Amino acid sequence: MFALQYAEFGPPSVLSVQEMPEPHAGPGEVRIRVVAAGVSPVDAALRSGTTPTAARVKLPHIPGVDAAGVVDEVGSGVVGTALGDEVFGAVDVARLGGASAEFAVLRFWAAKPEAMTWDEAGGAGTGIETATRALDRLGVKAVHDGRSLLVNGAAGGVGSLAVQLAVARGARVIGTTRPGNEAFVAGLGAEPLAYGTGLAGRAGPVDLALDVAGNGCLPELIALTGAPGKVLTLADFSGPGLGVALSMGRLDGEPSGEHGLAVAAELARQGRFRVPIQAVCVLEKASEAHELVEAKGPRRGKIVLRLR
């Protein structure tokens, strides 16, 4: 099969499209013919070799964990999914990749609704899982309780999804963002608020806070909510030292939020959920996609590779 891969760690230029062995669905898995695959900051960090997790990568490596496509192989024990179904989801996170290829094996998935484009579906899987897991852990329950939540980094790939899922659960959401992104964040259903100091004074009392950006504002979020136990970070490793939980997901054995895929798909059918897309690149331009992921500056959703 054709696949994006790198045989050495380094800059985006180490990426190339090569022939690689086909994977096959194991028990509880499906294989898809990939139409679109997401590109995340984690993919770029692994490719660069700068993260400790890169020590677990076996070269040559196919990057990517999110994908959408058409089921062409069904593993034992799978029910409710058949050959030819259009689905979206993610590979087994322990494999650290495998999605940016002609075929990919998904560990969790949901039916792709017509309201969700292939590009949206291709970049959605782990972002929805991560956002759902975070909201569950924070106690933003799937009932209309009206509690307030501040999402720090509301315009990014995960933050933009967390905002919408929290709004769907009935929360009042405040979203911090860079200047110029205010209308975008408001369109997601949040009250936009500029990054910067003085959050506690500018946002007013907030029940809970989710840090997606990892930009060093945890002390402000603690002051804003009144207690470190009301704050969860996905990106700031100083959190535990401040009493703030750091959520690292399935690799750390946390309960999964993969059930959120079906919820998001239903919300998309209702017109209440979308996956914002910042850029779409063809597979042969994957280095450009990785450059975009690594670039400093405003983010507005997901970066996606289109394979078909």
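Of the 308 residues in this chain, 53% are buried, where buried means under 20% relative accessible area, exposed means over 50%, and partly exposed is anything in between (1.4 Å probe, protein chains only). What you're looking at is a predicted model, so local features need pLDDT of at least 70 and side-chain atom pairs count only at pLDDT 80 or more, while totals for chains, interfaces and linings use all residues. Residues are numbered from 1 along each chain as its sequence is written, and side-chain values use heavy atoms, with hydrogens and water left out.

Let's start with the overall build. The chain's secondary structure comes to 9 helices and 15 strands; these are DSSP runs numbered from the N terminus, with helices (H or I) of at least four residues and strands (E) of at least two. The radius of gyration is 19 Å, close to the 19 Å that the globule rule gives for 308 residues, so the chain is as compact as a globular protein of that length. That radius is taken over C-alpha atoms, and the rule is 2.2 Å times the number of residues to the power 0.38. Along the principal axes, the C-alpha atoms fill a box of roughly 55 × 40 × 35 Å.

Now for the rings. A search of the whole structure turns up 1 aromatic pair. The partners are Y6 and F9, with 6.2 Å from centre to centre and 50 degrees between the planes, which makes the pair tilted. For this label, rings of Phe, Tyr and Trp (its six-membered ring) need centres within 6.5 Å; planes under 30 degrees apart count as stacked, over 60 as edge-to-face and the rest as tilted. Y6 is buried, at 0% relative accessible area, whereas F9 is partly exposed at 32%.

Two other rings have a charge for company. R31 lies over the face of F103, 4.1 Å from the ring centre, and the charged end of K112 sits over the ring of W118, 4.8 Å from its centre. To count, NZ of Lys or CZ of Arg has to be within 6 Å of the ring centre and within 35 degrees of the ring normal.

Right beside W118 in the sequence is D119, found in helix α2 (residues 118–122). D119 is buried, with a relative accessible area of 16%. D119 and A36 are 83 residues apart in sequence, yet their C-alpha atoms are 5.7 Å apart in space.

Next, have a look at the loops. Most residues other than glycine have a negative phi, and most peptide bonds are trans. In the loop between α1 (41–48) and β4 you'll find P60, and a cis peptide bond joins L59 to P60, with omega at about -5 degrees. L96, in the loop between β5 and β6 (103–106), has a positive phi, near 65 degrees, in a residue other than glycine. At 8% relative accessibility, L96 counts as buried.

The second largest pocket has a volume of about 380 Å³. Of the 20 residues that line this pocket, the closest to its centre are H61, I62, R95, G97 and G98. A pocket, on a 1 Å grid over the protein atoms alone, is an open set of points with protein on both sides within 12 Å along at least five of seven lines, and lining residues have an atom within 4 Å of a point. Points are joined across faces, edges and corners, and the volume is the space filled by probe spheres set on them. The lining has 13 nonpolar, 4 polar and 3 charged residues; Ala, Val, Leu, Ile, Met, Phe, Trp, Tyr, Cys and Pro count as nonpolar, Asp, Glu, Lys and Arg as charged, and the others, Gly among them, as polar.

Finally, visit the loop between β4 (66–74) and β5 (86–90), home of S76. S76 is exposed, at 51% relative accessible area, and its C-alpha atom is 39 Å from that of L292, 216 residues away along the chain. G75 lies in the loop between β4 and β5 too, but G75 is buried at 9%. From G75 to H24 it's 51 residues in sequence and 8.3 Å in space, C-alpha to C-alpha. Over in helix α8 (residues 260–269) sits V263, partly exposed at 44%. The C-alpha atoms of V263 and T132 are separated by 9.5 Å, with their positions 131 residues apart along the chain.

Note on methods:
1 Å grid on protein atoms, 1.4 Å probe; cavity = no way out; pocket = protein on both sides within 12 Å on 5 of 7 lines; lining within 4 Å.
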